[in-house]
Amino acid sequence: MTDRQERYVKKMACASALGTLLLLSACSGTPGCLKTQRYTEAKSLPALKAPPGLDVPESDDEMKVPDVRNGPVAAFAQPPEGTEQDNPQSRCLSTPPPLSNPS
């Protein structure tokens with residue numbers, strides 16, 4: 001094998017090793033749903049105050065951040081029945097939590 005071929009083989013081996021490490025690191029770690037989600041920190045803002053000569057628009061209750069019992073949450077505390085219990089991804093919600101309390 002020539003010197004040039006040896007360098008090429010070494011470069012390819014390094015590239016393969018690096019690619020393998022990147023793929024493996026992408027599969028490990030904490031699933032995104034188990035990290036702190038920005039929406040769980042949402043807060044309602046105080047009512048608008050208009051300067052003199054202007055009217056405050058009527059309040060829109062649909063824009064109010066609702067109170068959610070035991071929430072808001074991004075993941076189940078325990079994996080639901082029928083899922084892979086040892087897979088952290090099983091705790092992730094498949095749909096967003098409800099935005100209002102059931103009546």
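**Figure 1. Asp3, an exposed residue in a predicted model.** Let us start with Asp3, whose relative accessible area is 53%. Because the cut-off for exposed is over 50%, Asp3 counts as exposed. Its partner in this view is Arg7, and the side chains of the two meet in a salt bridge, with 3.5 Å from N to O. Arg7 has a relative accessible area of 48%, so this residue is described as partly exposed. By the rule applied here, the count of salt bridges comes to one.

**Figure 2. Helix 1, the setting of the Asp3 and Arg7 pair.** Stepping back a little, we see helix 1, which covers residues 3-27 and holds both Asp3 and Arg7. Four residues separate the pair along the chain, about one turn of the helix. What does the secondary structure of the protein come to? The tally is one helix and zero strands.

**Figure 3. Pro79, a buried residue in the segment after helix 1.** Here we move to the segment after helix 1, where Pro79 has its place. Is Pro79 buried or exposed? Its relative accessibility is 15%, and because buried means under 20%, Pro79 counts as buried. Which residues is Pro79 in contact with, leaving aside its neighbours within four places in sequence? They are Glu84, Gln85, Ser90 and Arg91. Gln89 is also worth finding in this view: ten residues from Pro79 in sequence, its C-alpha lies 8.5 Å from the C-alpha of Pro79.

**Figure 4. The largest pocket and its lining.** This view turns to open space, with about 400 Å³ in the largest pocket. Rolling a probe the size of a water molecule over the atoms shows where empty space is left. The lining is made up of 15 residues. Look for Leu45, Pro46, Ala47, Ser59 and Asp60, which lie nearest the centre of the pocket. Sorted by class, eight lining residues are nonpolar, five are charged and two are polar.

**Figure 5. The whole protein, for orientation.** To place the close-ups, here is the full predicted model, with 103 residues, of which 9% count as buried. About 9,500 Å² of the protein is exposed, and 57% of that area is supplied by carbon and sulfur atoms. Contacts complete the picture: among those between residues at least 6 apart in sequence, 47% join residues at least 24 apart.

Notes
Residues numbered from 1 in each chain as written. Predicted model: local features only at pLDDT ≥ 70, side-chain atom pairs only at ≥ 80, totals over all residues. Heavy atoms only, no water. Helix = DSSP H or I, 4+ residues; strand = E, 2+ residues; numbered from the N terminus. Buried < 20%, exposed > 50% of the residue type's maximum accessible area, 1.4 Å probe, protein only. Contact = heavy atoms within 4.5 Å. Areas by Shrake-Rupley, 256 points an atom, 1.4 Å probe, with all protein chains shown as cover. 1 Å grid on protein atoms, 1.4 Å probe; cavity = no way out; pocket = protein on both sides within 12 Å on 5 of 7 lines; lining within 4 Å. Points joined across faces, edges and corners; volume = space filled by probe spheres on them. Nonpolar A, V, L, I, M, F, W, Y, C, P; charged D, E, K, R; others polar. Salt bridge = Lys/Arg side-chain N within 4 Å of Asp/Glu carboxyl O.
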